[in-house]
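Me: I am new to this model. Please explain the labels, one at a time.

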Amino acid sequence: MADRIFAAVLLAVTIGYAVIAFTVIKAPFQYDPLGPESWPQILSIVAMLCLLGVLWRPDVDHMDVPKAVWFRLGAAVVMLMAYSRLYEPLGFVVATALFGTAMALMLGAPRWRALAFGVGAGIAGWLLCVTLMDLNLPEGAVVEAVLESFQTEAN
Amino acid sequence: MDTVLSGLATGFAVAFDPFNLMLVLVGCFVGTLIGALPGLGPINGVAILLPIAYGLGFPPESALILLAGIYYGAEYGGRISSILLNVPGDAGAVMTTLDGNPMARAGQAGRALSLSAVASFIGGTFAVILMSLFAPGLAKFAVTFSPADYVALMVFAFASLASLVGKSTVKTLLGATIGLMLATIGIDANTGVNRYTFGIPDILAGIDFLIVVVGLFGMAELLTLVEHQARGTLKSLPVDKSFVQWADLKLAKWTILRSSIIGFFIGILPGTGASVASAVAYGTEKRISDKEGTFGTGDVRGLAAPEAANNAAAGGSMVPMLTLGIPGSGTTAILLGALLMFNIQPGPMMFTQRPEVAWGLVASMYIGNVALLVINLPLVGLFARMLTIPQHYLTPLIAILAFIGIYTIVGNPHDLYMITGLGLLGWFLRKLEFSLAPVILGFVLGSLFENNLRRALSISGGDWGILVADWKSLLLYGLALLVVVLPIWLARRSRKRSGGQEAMAD
């Protein structure tokens, strides 16, 4: 069943792909016998045949994922999204500390160790990647502002 | 022969450069660590570390040497979790658990680990030697390939992929097609027409290869780890003082040799890597040498066979990548993508145009194999300790590494969402028993396939007959047919035979 649902969704996407290939894509002029639309057309037909094959004879019945696991996976995706969202505003160190701690906690790490892991990963990652290997990571607008206000206070 | 020797001289000059030498060692060490982590195989390791290696700004040969070191280091390290935990790091290490884990449980973990290290070393070295003998000749032959021959070669590659990889032929083919379809996104290079960009400027140049790789492999792996979290903790067996004996090696020497040959040639087949090689080698050995029925209970030959084969296959799968530009496995598909990022077109011309890259890589594999043996024999205890790293720290670490890699290369937070989304797609695909290697192979080969097809038809003025006009193309189509039909025929035959035996028993 899971197979069929997935294949049906993919089939819908592929039909969209095919419609675009057969109607929208056109070169204004071309010298070659095969234009930009031919290859996608071929692919869409092959993909549809394969999908029909899967729909005809699916071999995975259940996803075999309990509810609790779905919940945990959903939480993981949400955390990843939040991490992506906060990466630039908060900067690498803070965002990583938050994400590392939250993820480790969710996966069952002891509380203080998870915190130590998150903060450690943030700081060690920064030192290793930016200071040692000279890679480009976001410092974070918020962090920058805080640092600046400290500096002006010191002055 | 002359070209081989002078090529090797060039290669060793590159590989013995102190900086590159250090990278070989670092790559092997890190690779073994990654391979030893339960659940993380070579392909995920290379995928996660590729953007970081690229971001360091090394010259192409150095970056490639580092990545290749990680690749075969991880093939090496995979045996540690197979033997001590009974958890294979990836599909290529599954066969190692069959005899390796029983040996460890019988209190001979040290012997199993050292024996498999030696077998891996012999398999790997054997493959590199064959590779340096064969590759230049194959490259010279491949220069004569016309676009139509390349189309035939691709058909052969996808045929062997579909018939040998994964559980279901249709799903493997579908996976490859999904990869090919993803590759059509972006501006068409021949006519400048936008395809499937929907006006989004970020994907005008196509979806970035790194994003696809990190998403489909790194992030999907992370979600799989999250999924399996609650299902009990893993118990590692202790590493003891037992060590490989001469008698073991003597017993297993023909096994190792046969498996190395099998591994190398299966590795060469496009699309089929270590997993098929180790399974075939184990099966063959079981048939040839298992007279007393000891395979599966801790037989040294049963351990040596898959280990020699999967390391030989890792070397073998480099051959088509370097000479034809067609990767021999999922992991080499990633390495091929890495070459493309450095604006090096892998293929027959690489040995003549960029000898420092091609031969440097080959030479580094000689050094890497020796280094791995030296690192692995005394330090195996240290690697074994990696097994006890709790998964709840490992999992977030993968995300952190993936984010660092993608951000440093692309510098666009939009892509961080993309890898999460692709990771979700990859997780679903894996869950539904699609294998992901065909997807990445399709993605990497997409433009090559399309361009050669279009070029061939331009040459013939639109006559499709050109695709079958040449004996080389015909030979490749024949091989493609063979690779599809042969396994089906063999399965039929063995089923008929076992059916016959049952009938006799009745």
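Reply: Start with B:Phe383. Its relative accessible area is 0%. The model is predicted, so B:Phe383 counts as buried only in that computed sense.

Me: What makes B:Phe383 buried?

Reply: Buried means under 20% relative accessible area, exposed over 50%, partly exposed in between (1.4 Å probe, protein chains only). B:Phe383 has 0%, so the residue is buried.

Me: Why is B:Phe29 called partly exposed?

Reply: Its relative accessibility is 29%, so B:Phe29 falls in the class between buried and exposed.

Me: Why is the pair of B:Phe29 and B:Phe383 called tilted?

Reply: Rings of Phe, Tyr and Trp (its six-membered ring) pair if their centres lie within 6.5 Å; planes under 30 degrees apart count as stacked, over 60 as edge-to-face and the rest as tilted. Here the centres are 5.5 Å apart and the planes at 50 degrees, so the pair is tilted.

Me: Why is the pair of A:Tyr87 and B:Tyr407 called edge-to-face?

Reply: The centres lie 5.3 Å apart and the planes stand at 65 degrees, so the pair is edge-to-face. This pair crosses between chains A and B. Both residues are buried.

Me: How confident is the predictor in chain B?

Reply: pLDDT is the predictor's confidence in each residue, from 0 to 100. Chain B has a mean of 84. Over residues 502–506 of chain B, pLDDT stays under 50. Where pLDDT is low, the predicted coordinates should not be read in detail.

Me: What conventions apply?

Reply: Residues are numbered from 1 along each chain, chains are lettered from A and ligands numbered from 1, in written order. Local features need pLDDT of at least 70, side-chain atom pairs count only at 80 or more, totals for chains, interfaces and linings use all residues, and side-chain values use heavy atoms, without hydrogens and water.

Note on methods:
Contact means heavy atoms within 4.5 Å. Helices (H or I, at least four residues) and strands (E, at least two) are DSSP runs, numbered from the N terminus.
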